[in-house]
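Visitor: I should like to learn how to read the features of a protein model. May we take them one at a time, with the general idea given before the case in hand?

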Amino acid sequence: MLFKRFLPAIITLTRLQARSFVRAPFANKLTHYLRRAQLIDSIRLALRSNSPDLVSSLVNDRLVDPFIVTRALRSAPSADSAISIVQTLDTSHRFSHSQATLHALATVLAKSQRTDELKTLIGGIRCGTFMNVSVSFMNLMQWYNAIGDLELVVNTWYEYRKTETRVCTESYNIVMNIYAKTGKDFEAVETFKGMIDEGAIPNSRTYTVMIEHLLNSGKLDLAMEVFTILPLMRIKRTSRQYLVLMEGFVGVQRFDEVKTLLNEMRDDGKFPGRAMRVSLQRMQEAGFVKETDEFLREMLPDERIKNVGYGEDGSDDEGEGEGEGENVNFDNGDGNVEGIQLKPWLDPKALANALDEWTPEVVSELEDAKFVWTTRLVCKVLRNLSLPETAWHFFCWVAYQPGYTHDIYAVERMMAILARHGHDELVDRLISKIRKEGMRLPFSTIRLIIEFYGISKKADAALKIFHDDRTLCGPISKFNLMILYSSLLRTLTKCKRNFDAINVLEEMITSGVSPDIQTFSGLMYHFGLQGDIKTVQRLFTMVRQSGVEPDAYMFKVLIQAYCKCERAALAYRVFEDMTNSSLMPDAATKEFLVKSLWKEGKRKEAALVEEKCEEMNDVLPLVLRGHLWTVNSADLTRVYNIYSKSFTTTCG
């Protein structure tokens, strides 16, 4: 096979001592980035020109390094063209492959279904023939999943589980996904059950896999039911989830549900992706012009994006695998090969890294590059800037660039960065600007700012946002107000503002907003760690008075809190209440309680705990469902039941 022919050459090459590149002296990282972008685009064009000599000339350029090769491989038009790059590099004694380049090649082979070549490459890496290159179990699972090989994915997952006590959530997601795609409904459901029973925390992608599985099985309403539960569990809803649900409802012409999704999408602060455009156009054709017009305007191609030049070639992040490429264009100049024109390559992360040195020279060169700045590109650059000071300088600078005006998406991105790093004075300046301009903030932004103030320990700023600025997102439903109160309480506990936390809790209840069980659990755990047993007991009384039924996870939190405060006798009473409610602790909590009782001389009680657990004639759960501040056992169980019962006929 073609791949096997060039593999030995790669092995020999990687054993050679890599020589230092003779680089042109770049004035700064932005100059280096722009030159790399030009070279990457030239290689991309050459690969599509059927000109091996041109490819060879470019790939052997003295500036070619692993960064350029990695990006060129990822954006190659086919597996064969990617392989041709590697073959060309075989003739160069100046280049040595890195982990990034070989992983990029493996990803291309996997996505192109080149199973044999992929296995050959993996075999070479795993047996150590490549210096300083390795593959993890997650790498293998991702590649085998891209191929669609169920057996390889599952076997690799079993190997992973043998070597690790706990595996990452994404590994469950991959297994769930490939089971769902191969019609193994029961196995997909059982993988989700295993995830929550083993203590892994389902994330947004977990529920994306679940929602798509339900939709592909014709269970649109059940997919929507899962989607509506996610805010209860503080799970971030994704653009992908919105997209597939909208496509489902548009397909059956249930446009009222699409309108609801659009409103919720606006509250969640989601920037509409271009993939959503087709569905919204169909809805507009059905007469829903007003409801879709704003979103469609945001998705239309920017009329400014034509031919804007900075030199020979350009850059764009199109083709990086996320489907989120920005419409940034430059004049192709001499990079136009045989009439072929491509959207130029751009990597927002690499560009952001090049802008970390925000100097007058960098600003001047950035202006000369004449990027066409759009909201999508600005948000991507902001997201990847490592320093908040640089992000602020860039944010202020780009506001004055020709044809660009900040909208709410860019403003909220900047506010989140500032809040996370504690720059509350700058957040206040932006909020004043928002008020003056009559802009409306998404509810999710207000909540995110409050939560980020918990990270930066800015309790007073969080209180100000909550009390003075939450009106900027318009009317807030009772449920969303409960979520907002919960976020504020969590921030106050992170800042150790215990007195303020209790006052806010009382204000919350007095205003008719009942805390959910995970909020109570988070507060009890916090005050337990502080040694404030009276407040913990008071909170538990409030739980009873509010009509909330304590779940096993709340009892676990109480037991742990009391034991850590060396109040094992109180923990034992909680254990009795728990078992009287036909609930049992998990194995770790039971062991912790027994050890605490022994340590405090409560040997009789320790023996009773052991006996009680044995009397239940059941194996204690590995972990209890639930997580502090975010999700309770009832919601996790509810989602599992929806998912499981959806495939009752096939799951048996």
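## Helices, core and loops

Guide: In this predicted model, H13 passes H14 in a left-handed crossing.

Visitor: By what terms is such a pair of packed helices described?

Guide: Two quantities serve the purpose in general: the angle between the helix axes and the distance between them. Here the axes of helix H13 (residues 220-229) and helix H14 (residues 239-251) come within 11 Å and cross at roughly 150°. An angle over 145 degrees counts as roughly antiparallel, and H13 and H14 are therefore roughly antiparallel to each other.

Visitor: Which residues of H13 and H14 meet?

Guide: From H13 the participants are Leu220, Asp221, Ala223, Met224 and Phe227, and they meet Gln241, Tyr242, Leu245, Gly248 and Phe249 of H14. Sorted by class, this contact of H13 with H14 has seven nonpolar residues, two polar and one charged.

Visitor: Why do residues three or four places apart in an α-helix point the same way?

Guide: An α-helix has 3.6 residues a turn, so residues at that spacing point the same way. In H13, for example, Leu220, Ala223 and Phe227 are among the residues that meet H14.

Visitor: How many helices and strands does the protein have?

Guide: The protein has 35 helices and zero strands. Of its 652 residues, 54% are buried. Among contacts with a separation of 6 or more, residues 24 or more positions apart account for 71%.

Visitor: Which residues have the most contacts inside the largest nonpolar core?

Guide: They are Tyr33, Tyr207, Trp373 and Phe394, in a core of 215 residues. Helix H22 (residues 408-420) contributes the largest share of this core, 10 residues.

Visitor: Phe394 belongs to H21. Is helix H21 mostly covered or mostly uncovered?

Guide: H21 (residues 388-398) is mostly covered, with eight of its 11 residues buried. Those eight are Pro388, Thr390, Ala391, Trp392, Phe394, Phe395, Trp397 and Val398. They pack against four helices: H19 (360-369), H20 (375-384), H22 and H23 (424-437).

Visitor: Let us turn to the loops. What is the phi of Arg234?

Guide: Arg234 has a positive phi of about 60°, although it is not a glycine. Arg234 sits in the loop between H13 and H14, which brings us back to the pair discussed at the start. Buried means under 20% relative accessible area, so Arg234, at 13%, counts as buried.

Visitor: Where does Gln113 lie, and what is its accessibility?

Guide: Gln113 lies in the loop between helix H6 (99-111) and helix H7 (115-126). Gln113 also has a positive phi, near 60°, and is not a glycine. With a relative accessible area of 44%, Gln113 is partly exposed.

Visitor: With which residues is Arg447 in contact, leaving aside its neighbours in sequence?

Guide: Beyond four places in sequence, Arg447 is in contact with Arg234, Ile483, Leu484 and Ser487. Arg447 belongs to helix H24 (residues 443-455), and its 18% relative accessibility makes it count as buried.

Visitor: Finally, which residues does Lys494 touch?

Guide: Not counting residues up to four places away, Lys494 touches Gly454, Ile455 and Lys457. Lys494 is part of helix H26 (residues 478-494). Its C-alpha atom is separated by 7.1 Å from that of Lys457, although the two are 37 residues apart along the chain. At 36% relative accessibility, Lys494 counts as partly exposed.

Key
Residues numbered from 1 in each chain as written. Predicted model: local features only at pLDDT ≥ 70, side-chain atom pairs only at ≥ 80, totals over all residues. Heavy atoms only, no water. Helix = DSSP H or I, 4+ residues; strand = E, 2+ residues; numbered from the N terminus. Buried < 20%, exposed > 50% of the residue type's maximum accessible area, 1.4 Å probe, protein only. Contact = heavy atoms within 4.5 Å. Axes fitted to C-alpha atoms, helices over the stretch in contact; angles between N-to-C directions. Parallel < 35°, antiparallel > 145°, perpendicular 65-115°, else oblique. Left-handed = near helix turned anticlockwise from the far one by under 90°. Nonpolar A, V, L, I, M, F, W, Y, C, P; charged D, E, K, R; others polar. Core = buried A, V, L, I, M, F, W, Y, C linked by side-chain atoms within 4.5 Å.
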